[in-house]
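Could you walk me through this structure, one selection at a time? I have it open in my viewer and would like to know what to click next and what is there.

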Amino acid sequence: MNKSTNQTDSVNQFMKALDYPLKEVVELVRSTILASDPEITEHIKWNAPSFCYQNQDRVTLNLRSADFVQLVFHRGSKVKDSHNFTFEDDSGLLEWVAVDRAVVKLHDEAEAKAKAAALANVVIQWMRTTA
């Protein structure tokens with residue numbers, strides 16, 4: 001890891017090699033998430049940057065679409081009992097795809113910049129709630 005940030009060499013190398021039409025959006029999202037809390041770390045999972053809190057994957061990028069960058073908010077790779085799971089989304093950014101999984105879609109750099117503060121807040125809230 002770099003001393004000055006929580007960026008990792010593996011994700012830096014991935015980003016250098018990434019040939020993706022929304023690469024600038026990915027870079028903006030990455031820097032927004034990493035700057036939101038020094039405890040958030042990153043690595044590559046499912047061929048995309050994934051962000052961890054207390055060594056558990058919690059937000060993973062999905063780079064399959066050329067039309068938008070998708071952030072998947074989850075509680076880790078293993079299925080967990082979601083019977084009593086609740087999360088209050090004050091940001092309005094999350095689109096719920098399951099009781100305990102949501103996505104955010106960002107279509108361009110302008111949208112990513114406009115939603116950066118709200119995204120940082122909901123990421124921190126998600127990480128702490130699901131830890």
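Here is a short tour of two helices, a group of aromatic rings and two charged side chains in this predicted model.

**Stop 1: helix α2.** Select residues 23–36, which make up helix α2. Its 14 residues should span 20 Å at 1.5 Å a residue, and the end C-alpha atoms are indeed 20 Å apart, so expectation and model agree. Now colour the buried residues of α2: Val25, Val26, Leu28, Val29, Arg30, Thr32, Ile33, Leu34 and Ser36. While you look, keep this in mind: an α-helix has 3.6 residues a turn, so residues three or four places apart point the same way.

**Stop 2: helix α4.** Next, select residues 116–130, the 15 residues of helix α4. From first C-alpha to last, α4 reaches 21 Å, close to the 21 Å expected at 1.5 Å a residue. The buried residues here are Ala116, Leu119, Ala120, Val122, Val123, Ile124, Trp126, Met127 and Thr130. Keep Trp126 selected for the next stop; its relative accessibility is 0%, so it counts as buried.

**Stop 3: the aromatic rings.** How many aromatic pairs does the structure hold? There are 5. Start by adding Phe73 to your selection: its ring centre is 5.8 Å from that of Trp126 and the planes are at 90°, so this pair is edge-to-face. Phe73 lies in strand β4 (residues 69–73) and Trp126 in helix α4, so the pair ties together parts that are 53 residues apart in sequence. Phe73 is buried too, with a relative accessible area of 0%.

Now add Phe87. Phe87 and Trp126 also form an edge-to-face pair, with 4.9 Å from centre to centre and 70° between the planes. Phe87 is in the loop between β4 and β5 (95–98), while Trp126 is in helix α4, so this pair links parts 39 residues apart in sequence. The relative accessible area of Phe87 is 12%, and this residue is buried.

To finish this stop, show Phe73, Phe85, Phe87, Trp96 and Trp126 together: they form one aromatic cluster.

**Stop 4: charges over rings.** Select Lys45 and Trp46. Lys45 lies over the face of Trp46, 4.8 Å from the ring centre. Then move on to Lys105 and Phe68: the charged end of Lys105 sits over the ring of Phe68, at 4.8 Å from its centre.

Technical notes: Residues are numbered from 1 along each chain as its sequence is written. This is a predicted model: local features need pLDDT of at least 70, side-chain atom pairs count only at pLDDT 80 or more; totals for chains, interfaces and linings use all residues. Side-chain values use heavy atoms; hydrogens and water are left out. Helices (H or I, at least four residues) and strands (E, at least two) are DSSP runs, numbered from the N terminus. The expected span of a helix is 1.5 Å times one less than its number of residues. Buried means under 20% relative accessible area, exposed over 50%, partly exposed in between (1.4 Å probe, protein chains only). Rings of Phe, Tyr and Trp (its six-membered ring) pair if their centres lie within 6.5 Å; planes under 30 degrees apart count as stacked, over 60 as edge-to-face and the rest as tilted. A charge sits over a ring if NZ of Lys or CZ of Arg is within 6 Å of the ring centre and within 35 degrees of the ring normal.
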